[in-house]
Amino acid sequence: MSANAAVFGEALSRLWPNGDAKIPGLRAGIIASAPVVFAKYGITTPLLAAHVMAQISHECGGGHDVVENLNYTAGRMMQVWPSRFPAMAMAAPYAGNPRALANKVYNGRMGNAVGSDDGWNFRGRGAVQTTGREGYARLSKATGLDLLNHPDLVNDPPRFLECGVADFILCGCLPFAKADDVLGVTRRLNGGTVGLAQRQMWLAKWKAALGSAPMVLAPAAGSTRKPASVSPARPSAMKPQSMLVRFLAAMVTAFRGK
C-alpha cells in the first residue's frame, strides 16, 4: 500500500468509526477501490478528494445512513410534505408504511412511473443518496452497473465509492470543488443548501486528514482513459501545521544525510 493510500485509509477509518455498522466491510471496500476510482473520475488532488469525501460523509452519515428512512409518523409527514399531507387523515394511511409512502411521494417525478413500485425501488441509497429512476439510470450509464435491475448495487462495498464519485461528477460539482467552493458543490449535489454547516465541518476534517501530499492514483483496470486535468490545490487549502511538519521532516532527513 502506498503512503498516500495509507493516509486515506487511516482517515476514513478514523472519521467513519461506525462506517461498517450498516454494511459490513464498507470501509475496506471504499479504501480498496479509492485509487482506481479517483483516477478514473479525475479526483487527482487532496483538495478534490476532501470535497468528494465531505459530501459523501454528510449524505450517508459516515456510512450510517445508506438507505433512506421512510418510516414516518403522520405528524412528521405533514411537516416534510405539507402540500401532500395537509391533514392528519391524509397522512395516517402511510404512517409506519415506508413502501407505500415512497410510492406516494416519489412516483410521478424523477422518472418514476405513476402506479408503480418505482418510488420504493429507487428510494435514496448509497454514498450520495441517489434517488429516482432517472438518477439510477444516469448513474448506471456512467458506471456500467445494472442499477435499474439491481439498485442495491450502489451499496455494494467495492462499488459504493464509485457510485458516489460518479454522481458527484454528473451533478457538475467538480469545477466548484476545484475552486474550493463548498457552497457551489453543495448546491449542485443537493439542489439547495441543506446541511451546509455540517458539510463545511466534514470538509475541514477531510482537509486536515488528507493534508497536501500529491495523490497517488492507480490506472483504471482495462481502461486507457486519462484522468481529467485538475488544477492543484490552492495554497489556502494547506494547513500551516501540515507545512511545518513537512519542513521539519525534510530538515531531519537532511541532517541525517550528513
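**Gln-55 and the two largest pockets**

I'll start with one side-chain pair: Gln-55 makes a polar contact with Arg-199, side chain to side chain, at 2.7 Å. A polar contact here is a pair of N or O atoms within 3.5 Å; within protein, one must be able to donate a hydrogen and the other to accept it, and residues adjacent in sequence count only if both atoms are side-chain atoms.

This is a predicted model, where local features need pLDDT of at least 70 and side-chain atom pairs count only at pLDDT 80 or more, while totals for chains, interfaces and linings use all residues. Numbering runs from 1 along each chain as its sequence is written, and side-chain values use heavy atoms, with hydrogens and water left out.

Gln-55 sits in helix α3, residues 46-59; helices are DSSP runs of H or I, at least four residues, numbered from the N terminus. Gln-55 counts as buried because its relative accessibility is 1%, buried being under 20% relative accessible area with a 1.4 Å probe, protein chains only.

Now the pockets. A pocket is an open set of points on a 1 Å grid over the protein atoms alone, where a 1.4 Å probe fits, with protein on both sides within 12 Å along at least five of seven lines; lining residues have an atom within 4 Å of a point.

The largest has a volume of about 500 Å³. Of its 16 lining residues, Glu-68, Tyr-72, Tyr-106, Gln-129 and Thr-131 are closest to the centre.

The second largest is about 380 Å³. Among the residues nearest its centre are Gln-129 and Leu-189, and Leu-189 is also one of the residues that Gln-55 touches, with heavy atoms within 4.5 Å.

Definitions and conventions
Helix = DSSP H or I, 4+ residues; strand = E, 2+ residues; numbered from the N terminus. Buried < 20%, exposed > 50% of the residue type's maximum accessible area, 1.4 Å probe, protein only. Points joined across faces, edges and corners; volume = space filled by probe spheres on them. Lists of a residue's contacts leave out its neighbours within four places in sequence.
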